[in-house]
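Let's take a friendly walk through this structure together. Please have the sequence and the 3D view open as you read.

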Amino acid sequence: MNFMGNIYRFVLVLAFLYAGCAFAQSGEDGGDRSISVKMDVRFDGEVTRYAADDASGSGSEYDGGFVGRYLKLLVNGKIDERFSYSFRHRMYVGQKDPKSFFNATDWANVTFAASDRISVTAGKQMICIGTIEYDYAPIDVYFASDFWNHVSPFQIGVNVGIKIGKGQQLYAQVTNSPFSTEALENIYAYNVIWYGKVARWMNTIWSVNMVEYEKGHFINYIALGNKFLFGRVQADLDYMNRYAGKGTAFFQDFSLHGKLSYAVSESVNLFAKGGYDVNKAQDEDAHFVYDRYVMPGVDLGFYGAGIEYFPVKGAKQSLRLHAFWHSNTSNPVPQTFNVGLRWQMNVLER
């Protein structure tokens, strides 16, 4: 990241804050206008040890250091009783891609509430893929499935949302395909997702997805995310099947993972997480690959556990300390230990 890039992003932040203040002040007479501006930050200290080739421990390798994983600007607001907007931008970009500045914008969209039940959202947005893991903000994901680690979840498109019952929301969405390698490539992703409250103790995020990897050729997902709530215990259980219509079937190209959390108190949370990613639908040396996120030949398990501490009562997003360990079944086997800090700054709330 060069000096001029830093200056550019600093000026951008100042412009947003100035615009936000002006917008909020103009809304004093408008009644329905509102704006929220926040910064979200996470820093980690991390060490990874890779297993040695023999029992003596000789040949062990270590990677480690301090890393800033996230620095995000979040702006949400209401223009009037029907129009609202949402914006999230990561305050870092790569240098090789000339479009990288907009690539660092996770979403920037406007929502029109046509009625109490129907809404339309247009702009850059998260692709509607199911599972609980996918739905978490990345800043809250410490270690993840192979699919989560490689998916490109943000694209430009449009979605229509329909409330189909109490606690039930259905979205139909069309976006550019996440497999696009250039602008106006004319390949798309077609997605339908259901956010459901099945019972007081169970929520769902289920989707079916048709994603073009080239014109007229699709890989299809069935993604079933389930969250179970029992007092202080929360259990997430996800299954995703991927199918390219080439003779593959269930449990040939899939991900299965879960997370168990226990709230010891208002300030302390314990968690354990594990999962399994497999792609046996194609040979590892296949000439043309259908699944671009969990590659042919992958047979990988992951697992770990950790603790979260929230020192500010009643405001968990404001400050969080975390510590965790995780590993997987790759070769050599890594053992990662992490201690970190996350906090959110409320810059403007009007």
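A good place to begin is a pair of charged side chains: Asp253 and Arg242 meet in a salt bridge, with N and O 3.0 Å apart. Keep in mind as you look that this is a predicted model. Asp253 sits in strand β12 (residues 253–263) and Arg242 in strand β11 (residues 233–243), 11 residues apart. Are these two residues buried or exposed? Both Asp253 and Arg242 are buried.

Arg242 has another partner to look for. Asp291 also forms a salt bridge with Arg242, and here the closest N and O atoms are 2.8 Å apart. This pair links distant parts of the chain, with Asp291 in the loop between β13 and β14 and Arg242 in strand β11, 49 residues apart. Asp291, like Arg242, is buried.

Now widen the view. Side chains of opposite charge can pair when their charged atoms come close. The structure holds 12 salt bridges. One of them joins Asp40 to Arg342, whose closest N and O atoms are 2.8 Å apart. Asp40 belongs to strand β1 (residues 34–50) and Arg342 to strand β16 (residues 334–349), so that this pair, 302 residues apart, links distant parts of the chain. Asp40 and Arg342 are both buried.

From the charged pairs, turn to the nonpolar side chains. The largest nonpolar core has 18 residues, of which Ile129, Phe147, Phe179, Ile219 and Tyr221 touch the most other members. Which elements give two or more residues to this core? They are β9 (202–214) and β10 (217–230), and β10 gives the most, with three residues.

Try centring your view on Tyr221. Leaving aside residues up to four places away in sequence, Tyr221 touches Ile129, Phe147 and Phe179, and its contacts also include Val208, Val211, Tyr293 and Arg242. That brings you back to Arg242, the residue that pairs with Asp253 and with Asp291. A second, separate core has eight residues, among them Ile35, Val37, Leu73 and Met91.

For a contrast, finish at Lys280, in the loop between β13 (268–279) and β14 (299–309). Why does Lys280 count as exposed? Its relative accessible area is 56%, and the cut-off for exposed is over 50%. Not counting residues up to four places away in sequence, Lys280 touches Gln252 and Asp299. You can also find Ala249 from here: Lys280 and Ala249 are 31 residues apart in sequence and 9.9 Å apart in space, C-alpha to C-alpha.

How values were computed: Residues are numbered from 1 along each chain as its sequence is written. This is a predicted model: local features need pLDDT of at least 70, side-chain atom pairs count only at pLDDT 80 or more; totals for chains, interfaces and linings use all residues. Side-chain values use heavy atoms; hydrogens and water are left out. A nonpolar core is a set of buried Ala, Val, Leu, Ile, Met, Phe, Trp, Tyr and Cys residues joined through side-chain atoms within 4.5 Å. Buried means under 20% relative accessible area, exposed over 50%, partly exposed in between (1.4 Å probe, protein chains only). Helices (H or I, at least four residues) and strands (E, at least two) are DSSP runs, numbered from the N terminus. Contact means heavy atoms within 4.5 Å. A salt bridge is a side-chain nitrogen of Lys or Arg within 4 Å of a carboxyl oxygen of Asp or Glu.
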